[in-house]
Structures are given as C-alpha cells and as structure tokens.
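Thanks for making room for me today. I'd like to walk you through a structure that's new to most of us, so let's put it up on the screen.

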Amino acid sequence: MASSAVVTANQLIIMAELKLFRTWSSRFSLRVVWALDLKGIQYDTIFEDLSNKSSLLLQYNPVYKKVPVLVHNGKPLLESLVILEYIDETWKQTPLLPEDPSERAMARFWAKFGDDKVLPSIWNVFIKQGKDQEEAIVTAQENLGCVERQLTGKKFFNGETIGLVDLAFGWLANLLSVFEEVCGVTLIDLEKFPLLLEWIQNFADAPIIKESWPPRDKLITKYQALHEVYTSKEAPK
C-alpha cells in the first residue's frame, strides 16, 4: 500500500505557481519584486514589451492592460498596492503591514497618498517648464513635506524594518534623482528634507532593494526621451 505525504496549507501555498508580469523599468512592478524577495518567495518573471503586449497580459488584465500582474495558481492579481496586500496576507513571514488595525489603516493611507499626490506632483515638475514648473515644484515639495514628517524618529516608515509604505515610496530612492538630472531641478535637499534623504539612503542600501534597481543609464535615456516629448508639447508654437 503506497504511503501518502501530509501537505499543509502553507506548503501548498509555497508550491503554488507564481508568475509576475512586469517591464524592466516599471516602478510599480518593482514594489512587487521587492515584496516577494523580502519574503523569500520564488516566482517566475515575464518581461513585457508594452508596445507589443502579450496575449497573456491582455488575458490576465483585460481592463487596464498594464503591469504589474501577479498570477497565483492561474488567478491574476492587479494593481501594485493591492498585490502587496495580497502577498502580505498570503505569506505571513516578514510582515509588511503593522499588526495594529489603526496603524495598518494609516499605512494604507500614506501608500495611497504617495500614488495620488506625491507621484503626480513630481511628474508635473518633470513635464512642465517655466512658471508652470515653478508652481509644480511648490506643490511637489509641499507633498514631500508631508512625507518627511512621517519619518520623524524612524529609520523606515515601518519603523526599523521595511514595510508596505517603504515599498510604495521606493521609487523615490532611485527615480527621483533620475528626474532631477533629466530636467535640471532639485526637489529634495538636505536643508528641507533631511529625514527623507536619510530614508532614501537606508532604503537604497538594503541588499534586496539594491539588487533589483534597473540600470541607471537606461533610465536616463528613457526619461530624457520622454522629457523631450512632453516639453516639446509645452513649448510655445
């Protein structure tokens, strides 16, 4: 009589098929990469060309048709912040969210603030010129000031370890300096944002984070081209 092995639910989760659809430069996809790597989860990566999207990407994300998409046992998960919470609920090791419900709620708030306020305001600095850019800088720095205050007395937004809010703002630790170099402005300096600059250094130096950065020279080339496209539209005819 053949013996049967007992497989726990956690073992089934670990054995499950996991695929991440991403691009080489997507800041939103990087959040998912970091979360999976922090938790030590094995997965397959499918790199997409968004100018020629695969049939699988369109099948798994027919509404937005964009990355990241995490496919777990054939079931697609969409939107990076939603995916982060799914990962945290599914794999309990190295928690990304605090245990306290009010703290969890505030972590969600600041992650959403980053996507709804900080990122668009910095993008406006990148694509605007002249007086419009000056106004955009004021708005961006006001938003960054709100973020700065959340780091008082902390190494990371999560405390002493990287958490969901750190992953949500992780793009700042690399892409912000690319934006600044391409458009010739400085948004974060030591005088106004000492805590944010220290956090950027701490986050960027974390080994798992450092391993995943896209090549800086390729990012510069990509965003120089984008900057030229947007600023040419802004230029007077």
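So, to get going: how many salt bridges does the structure hold? Seven. Keep in mind that what you see is a predicted model. I'll pick three of those pairs, then move on to the cores and the pockets.

A quick reminder on the idea itself: side chains of opposite charge can pair when their charged atoms come close.

Let's start with Arg31. Its partner in a salt bridge is Asp115, and the closest N and O atoms sit 2.5 Å apart. Look at where the two come from: Arg31 is in helix α2 and Asp115 is in helix α5, so this pair links distant parts of the chain, 84 residues apart. And is Arg31 buried or exposed? Buried, with a relative accessible area of 1%.

Next up is Arg108, which forms a salt bridge with Glu85, with 2.9 Å between the closest N and O atoms. Here helix α5 supplies Arg108 and helix α4 supplies Glu85, so parts that are 23 residues apart in sequence get tied together. The two ends aren't in matching surroundings. Arg108 counts as partly exposed, at 33% relative accessibility, whereas Glu85 is buried, at 18%.

The third pair is Glu181 with Arg216, where the side chains meet in a salt bridge at 2.9 Å, N to O. Glu181 lies in helix α8, residues 175-183, and Arg216 lies in helix α11, so this one ties together parts 35 residues apart in sequence. Arg216 is partly exposed, with a relative accessible area of 35%.

Okay, on to the greasy part. Which residues touch the most other members of the largest nonpolar core? That core has 67 residues, and the ones to find on your screen are Ile87, Ile122, Leu144, Leu167, Leu187, Trp199 and Phe203. Helix α5 turns up again here, because the largest share of this core, ten residues, comes from it.

Zoom in on Ile122 for a second. If you leave aside its neighbours within four places in sequence, Ile122 is in contact with Ala140, Leu144, Trp171, Leu172, Leu176, Phe179 and Leu187. There's also another core lying apart from the main one, with six residues, among them Phe21, Val67, Val69 and Val71.

Now for the empty space. Rolling a probe the size of a water molecule over the atoms shows where empty space is left.

The largest pocket holds about 560 Å³. It's lined by 21 residues, and closest to its centre are Ser26, Arg27, Phe28, Lys66 and Val67. The elements giving two or more residues to that lining are α2 (27-38), α4 (80-90), α5 (101-127) and α11 (216-234). Which element gives the most? That's α11, with four residues. By class, you get ten nonpolar, five polar and six charged residues in the lining.

The second largest pocket has about 280 Å³ of space. Its lining has 15 residues, and Pro98, Ala107, Lys154, Phe157 and Asn158 are the closest to the centre. Two or more residues come from each of α5 and α7 (164-168), and α5 gives the most, with four. The lining divides into nine nonpolar, three polar and three charged residues.

If you take one thing away, follow helix α5: it holds Asp115 from the first pair, gives ten residues to the largest core and gives the most to the lining of the second largest pocket.

Terms used:
Residues are numbered from 1 along each chain as its sequence is written. This is a predicted model: local features need pLDDT of at least 70, side-chain atom pairs count only at pLDDT 80 or more; totals for chains, interfaces and linings use all residues. Side-chain values use heavy atoms; hydrogens and water are left out. On a 1 Å grid over the protein atoms alone, a cavity is a set of points where a 1.4 Å probe fits but cannot get out, and a pocket is an open set with protein on both sides within 12 Å along at least five of seven lines; lining residues have an atom within 4 Å of a point. Grid points are joined across faces, edges and corners, and a volume is the space filled by probe spheres set on the points. Ala, Val, Leu, Ile, Met, Phe, Trp, Tyr, Cys and Pro count as nonpolar, Asp, Glu, Lys and Arg as charged, and the others, Gly among them, as polar. A salt bridge is a side-chain nitrogen of Lys or Arg within 4 Å of a carboxyl oxygen of Asp or Glu. Buried means under 20% relative accessible area, exposed over 50%, partly exposed in between (1.4 Å probe, protein chains only). A nonpolar core is a set of buried Ala, Val, Leu, Ile, Met, Phe, Trp, Tyr and Cys residues joined through side-chain atoms within 4.5 Å. Contact means heavy atoms within 4.5 Å.
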